[in-house]
Amino acid sequence: MKETDREAVATAVQRVAGMLQRPDQLDKVEQYRRREARKKASVEARLKAAIQSQLDGVRTGLSQLHNALSDVKDIQRSLADVSKDWRQSINTIESLRDVKDAVVRHSQLAAAVENLKNIFSVPEIVRETQDLIEQGAFLQAHRKLMDLECSRDGLMYEQYRMDSGNTRDMTLIHSYFGSTQGLSDELAKQLWVVLQRSLVTVRRDPTLLVSVVRIIEREEKIDRRILDRKKQTSFVPPGRPKNWKEKMFAILDRTVTTRIEGTQADTRESDKMWLVRHLEIIRKYVLDDLIVAKNLMVQCFPPHYEIFRNLLNMYHQALSTRMQELASEDLEANEIVSLLTWVLNTYASTEMMGNVELAPEVDVSTLEPLLSPNVVSELLDTYMSTLTSNIIAWLRKALETDKKDWMKETEPEADQEGYYQTTLPAIVFQMFEQNLQVAAQISEDLKTKVLVLCLQQMNSFLSRYKEEAQLYKEEHLKNRQHPHCYVQYMVAIINNCQTFKESIVSLKRKYLKSEMEESISLSQPSMDGILDTIAKEGCGSLLEEVFLDLEQHLGELMTKKWLSGSNAVDIICVTVEDYFNDFAKIKKPYKKRMTAEAHRRVVVEYLRAIMQKRISFRSAEERKEGAERMVREAEQLRFLFRKLASGFGEDADGYCDTIIAIAEVIKLTDPSLLYLEVSTLVSKYPDLRDDHIGALLAVRGDASRDMKQTIIESLEQGPTQALSCASS
């Protein structure tokens, strides 16, 4: 208490010190005193109330303890009276033992008398029961069977009560009723037959199915009653418990499994579409069966059997087992696709478990997957491996077929716009489309993987395509008369490159999400470069074909024969135009480049003829005549290539301007102005080399060695593209 008082005083001192920290607070001392007095009164009131409550509780407890003590004493006196009465009645109980034995014997005799009629009529009841089973009157047969079993079990129970160790009498009773177990087994056999055909029976004769279920339910009640009695007496009649409900579900489970397994009507050897047919039959059967179970069977079974839910689980488990079996077989690629499409998509779709007729009892979101993720992954890996091999083989075969077409004596087909083409791009991308459509049915992820695979194989295929086009050109150059339609098929090969480009873009746009397109493009080697190379080499091959035919006429340029009136340029123009009539079948991007290249190469060959100094003019008249001829031929070439390039929107006249500029130098009559003219040419073509200038002055034929040296030393040196080519 002293310690508590000290703590209280210390606390009070702290509070007062907190209140009186400033001089002006002294005026409020009386106010603080009244406030603290009110708090003290409040606390004291609460303490008094709490103590009063505790006292009331103690008073009530003491009252209850007093009453309990009184009750215990009353009970103690009653127990003493009972003990006294019991000791006095022991002798009386002993004197009634004979009465007890008489009661037991009376009970046994009463049971025997009660079953006497049944005992004597057992053979007759057995025959009647057998007839009723054969007639299909299962409820009546079961009623008689129950009577037989009841008589047998009653007698055996009384014998067990009287003398449980007397096996001879028990065996005698059991053998006398021996036919009862046979009847039970026979009836059960017939019931199982009905249950095996329950989906058919429920439509044709639902009453029969109801009878079977009633019999099973009766047996279940008897089993429960006997098991309850076993806890008290340890007696169990022979053949019990029958567990017919459990056996019923086992029968239904085996029936479902057999029905699923029995739907395979074909094999791969007899029908390539065996798996598709098998899965479709399963889908139809399962859907029909579950609809019947939902609408009809549930009406024939007690609600607590949950027959639809149990059948749904049975079908799901049977399907899962069957799908596992199919997945473990050596399936082909198309079969893997069929299986996975069915398992991952069809099963949960409205065509099967998601059908509106099964709702709301079937919730597809709660169904376990038919195949584990590991099995699905293994199947997908197998599919991708097989598909890779197949695509490689298909592409190889398509290329071989296309190569055979290159050797045909007839021109290739043209598309709607008249451009030559072969069937190769259509075949390749039709194959890709088919595989991508199939993959899309399974999953987005697989579709993306297949697209990546197609692009990878396409890249390898284009490299082989490039090699084969090169070999095609080399074989042709060995004998230019063969193949007969070389030019047309080379045009088709070039056009195929553009078709391949467009098809690749279309394929990506159709089957690739926009956010993934960039990553796929980065991860794949650029096929545009390969296609452009094939097209460029193809165009080069065609131009090489042109210039092989022009070789003789190009050789006549800037020669004495040319000066004397050769029609080489006329023939060159006619030949180029004739070839470009075939080249008109080339698609625009490549034809445009090819026309420009042909223009450049013709001018280069003309310039090469000048730089090779095939002629040296001997007089001003020859120089004038030669220069004028060069200008006319330059304009002739300009007109030709303008005509060929019409519609391309490009002007390449600068090539022919080079010939005209050189003609102006050759045409010059005053040698003193030669340096000025050459310097003008150099300023126009600043990369003109000194050997070009030397060759040009040599063609003029009137420039001395010193003049050549003076002009060359006075001019800057450097290569020009066209003239460089001419001198190479």
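**Salt bridges, helix packing and backbone geometry in a predicted model**

At a relative accessibility of 12%, Glu556 counts as buried, since the value falls under the 20% that marks the limit for buried residues. The side chain of Glu556 nevertheless takes part in a salt bridge with that of Lys561, in which nitrogen and oxygen are 3.2 Å apart. The structure described here is a predicted model, and the protein in it contains 28 helices and zero strands. Of its 728 residues, 42% are buried. Among contacts with a separation of 6 or more, those between residues 24 or more positions apart account for 76%.

The salt bridge of Glu556 is one of 30 found in a search of the whole structure. Side chains of opposite charge can pair when their charged atoms come close. In one such pair, Asp74 forms a salt bridge with Arg77, with the closest N and O atoms 2.1 Å apart. Both residues belong to helix 2, which spans residues 29-95, and because Asp74 and Arg77 are three residues apart in that helix, about one helical turn separates them. Asp74 is partly exposed, with a relative accessibility of 36%.

A comparable arrangement along the sequence occurs in helix 14 (residues 373-406), where Lys403 and Glu400 are likewise three residues apart and therefore separated by about one helical turn. The side chains of Lys403 and Glu400 meet in a salt bridge with an N to O distance of 3.5 Å. Lys403 counts as partly exposed, its relative accessible area being 22%, and Glu400 is also assigned to the partly exposed class, at 37%. The pairing of these side chains extends to a further residue, as Glu400, Lys403 and Glu468 are linked in a network of salt bridges.

Packing between helices was examined next. Helix 10 (residues 244-261) and helix 12 (residues 307-328) pack with their axes 9 Å apart and at an angle of about 40 degrees, which means that helix 10 is oblique to helix 12. The crossing of helix 10 past helix 12 is right-handed. On the side of helix 10, the residues that meet helix 12 include Phe249, Leu252, Asp253, Val256 and Ile260, and on the side of helix 12 those that meet helix 10 include Ile307, Leu311, Met314, Tyr315 and Arg322. Classified by residue type, the contact of helix 10 with helix 12 comprises ten nonpolar, two polar and five charged residues.

Leu252 is also touched by Ser198, which, when residues up to four places away in sequence are not counted, touches Leu209 and Met297 as well. Ser198 lies in helix 8 (residues 198-204) and is buried, at 4% relative accessibility. A further buried residue is Leu326, whose relative accessibility is 0% and which lies in helix 12. With neighbours within four places in sequence left aside, Leu326 is in contact with Trp274, Leu275, His278, Leu279, Leu331 and Leu339. Of these, Leu275 is 51 residues away from Leu326 along the chain, while the C-alpha atoms of the two residues are separated by 9.0 Å.

Another pair of packed helices is formed by helix 19 (residues 527-555) and helix 22 (residues 588-611), whose axes come within 10 Å and cross at roughly 35 degrees. Helix 19 passes helix 22 in a right-handed crossing. Leu531, Ala535, Cys539, Leu542 and Phe547 are among the residues of helix 19 at this contact, and Tyr590, Met594, Ala598 and Val602 are among those of helix 22. By class, eleven nonpolar, no polar and six charged residues make up the contact of helix 19 with helix 22.

Several loops show backbone features that merit separate mention. Most residues other than glycine have a negative phi, and most peptide bonds are trans. The peptide bond from Ala359 to Pro360, by contrast, is cis, with omega near -5 degrees, and Pro360 is found in the loop between helix 13 (333-346) and helix 14. The bond from His482 to Pro483 is cis as well, with omega near -5 degrees, and Pro483 lies in the loop between helix 16 (444-478) and helix 17 (486-511).

A positive phi, near 45 degrees, is found at Glu306, a residue other than glycine, in the loop between helix 11 (274-295) and helix 12. Glu306 is partly exposed, at 39% relative accessibility. Phi is also positive at Lys613, with a value near 55 degrees; this residue is placed in the loop between helix 22 and helix 23 (620-644), and its relative accessible area of 49% makes Lys613 partly exposed.

Notes. Residues numbered from 1 in each chain as written. Predicted model: local features only at pLDDT ≥ 70, side-chain atom pairs only at ≥ 80, totals over all residues. Heavy atoms only, no water. Salt bridge = Lys/Arg side-chain N within 4 Å of Asp/Glu carboxyl O. Helix = DSSP H or I, 4+ residues; strand = E, 2+ residues; numbered from the N terminus. Buried < 20%, exposed > 50% of the residue type's maximum accessible area, 1.4 Å probe, protein only. Contact = heavy atoms within 4.5 Å. Axes fitted to C-alpha atoms, helices over the stretch in contact; angles between N-to-C directions. Parallel < 35°, antiparallel > 145°, perpendicular 65-115°, else oblique. Left-handed = near helix turned anticlockwise from the far one by under 90°. Nonpolar A, V, L, I, M, F, W, Y, C, P; charged D, E, K, R; others polar.
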